[in-house]
Amino acid sequence: MSGVQLRYNYRITPDAVQRTALAQAFGCARVVYNDGLKLRQQAREAGEKYICDGDLSKLVITAAKATEPRAWLGEVSAVVLQQALADLNTAYRNFFTSISGKRQGRKIAPPRYRSRKDNRQAIRFTKNARFTVLDNGRLRLPKIGDVAVRWSRSLPSEPSSVTVIKDAAGRYFASFVVQTTLDETLPPVDSAIGIDLGLTHFAVMSDGTKVTAPKFWRRAARKLQRLQQALSRKQKGSNRRKKAVIKVARAHAQVADTRRDWQHQLSTAIIRDNQAVYVEDLCVVGLGRTRLAKSVHDAGWASFTGMLEYKAARYGRTFARVDRWFPSTRMCSDCGRISDKMALNVREWDCACGSHHDRDVNAAKNIKAAGQADFNDRGAQVRLGLVPAPRGEAVTHPGVACSPRSVEGISVLQGGEDVNSTADHARTDIWADVYSVSRETL
Ligand SMILES: [Zn+2]
């Protein structure tokens, strides 16, 4: 039997006392994280060896609690502090594997300090912390209290951890990790599809289907730009500025929610209808596209292909990113001939073999063929090496342009790794929603 780790997100509405306790816990988690980062940086600068996870925990939690300036660390759940350090350790591990070349995809930056001014604050409770969902529907968090939850759907089984998040719009969320043992594999279908992440369309499929990005993306982008400009005119530290920051954050949240719904519908349909789905690796896409196109579509592509990936794993479909670079647009999908470079406005072309091509559909066909070839080479083994590092739940990041991304919904986690903090990804784009997945056998 196989299962997947899913994340279930709900709005929570802590009262004033609980909000104060949460603020304290966010602060303590941040201090421990930053203290740990500082010690490791100092060790590195002094030419000493890397402080191992166990030693670091003793230094910045156990020993620190006994000192006067850090005595208040004892006022929050110890698990919250350990989990903050676990985030730091994961961030370091990701950075090391990235620089050593073991990790493919985008380069990962070293861990950064967290700030009180970050727009997204988060803490995580594991089973050890004894958090419970009470019979009255409240979530009991140690040293915080019984917090009211808006249960938009029920939890399928007992969660193994919960992350409490405060986003830039001032909203609170509880994000539960649940291991499902449900086998959701869909009955096999015959079709495979290649998807070209297009310039003129959001996506073009090898079967000729073209999907246009909804107009609200552009409309929303203009609105956001206007709000940003209004914000930049406000005086630093003023109350008007604070209000404007929240306005921008709310607009981001709204756009992200609507866009996510649209992408969920599209990705679900594609996974349902196809046994295998192939897309271009986004790093490769970047090589051949203009900045303009990237700015419009990039973030959307990342979250969309992430959805395809986790849904494929969940429903027993094949998903692969085609990372081999080839001129997908100029290569004839019938005969393999490579034609001359084409201007962007050339939407259709004829190959010397007599085939007539729609530019984007031809590219999608090539992606499908390359994906199938790769897949056969690997012997029916879906490779997850190119999964963009999952954006950690307990990541905070600065800058008003960053999206408060969490809303009610479900996403999938990297198998077994509940602690997945990669702070660097938080700043790569304002709308990113990077999902990661692995299908594991129980
Ligand atoms: Zn041809």
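**Zinc site, strand E8 and Ser100**

Let me begin with the zinc ion, whose site is tetrahedral, with angles of 105 to 116° among its four donor atoms; please keep in mind throughout that this is a predicted model. The protein donors are the SG atoms of Cys332, Cys335, Cys351 and Cys353, which lie 2.2 to 2.3 Å from the zinc ion, and along the chain these donors follow the spacing C-x2-C-x15-C-x1-C. Cys332 sits in the loop between strand E12 (318-322) and strand E13 (348-350), while Cys353 sits in the loop between E13 and strand E14 (356-358), so this pair ties together parts that are 21 residues apart in sequence. As for accessibility, Cys332 is buried, at a relative accessible area of 1%, whereas Cys353, at 36%, counts as partly exposed.

Let me turn now to strand E8, which covers residues 192-196 and has five of its five residues buried. Both of its faces are covered, with Ala192, Gly194 and Asp196 on one side and Ile193 and Ile195 on the other. E8 runs parallel to strand E11 (residues 276-280), to which four bridges join it, and in that pairing Ala192 stands opposite Ala276. With strand E9 (residues 203-205), on the other hand, E8 runs antiparallel and is joined by two bridges, Asp196 standing opposite Val204.

Finally, a word on Ser100, which is found in the loop between helix H3 (78-99) and strand E2 (121-126). Ser100 has a relative accessible area of 44% and is therefore partly exposed, and a polar atom of its side chain lies 3.1 Å from the backbone oxygen of Thr97.

Note on methods
Residues are numbered from 1 along each chain as its sequence is written. This is a predicted model: local features need pLDDT of at least 70, side-chain atom pairs count only at pLDDT 80 or more; totals for chains, interfaces and linings use all residues. Side-chain values use heavy atoms; hydrogens and water are left out. Buried means under 20% relative accessible area, exposed over 50%, partly exposed in between (1.4 Å probe, protein chains only). Two strands pair if DSSP finds at least two bridges between them. A polar contact is a pair of N or O atoms within 3.5 Å; within protein, one must be able to donate a hydrogen and the other to accept it, and residues adjacent in sequence count only if both atoms are side-chain atoms. Donors are N, O and S atoms within 2.8 Å of the metal (3.2 Å for Na, K and Ca); water is not among the atoms, so sites may look incomplete. Four donors count as tetrahedral if all angles lie between 85 and 135 degrees; four count as square planar and six as octahedral if opposite donors are over 155 degrees apart and all others between 65 and 115; anything else is irregular.
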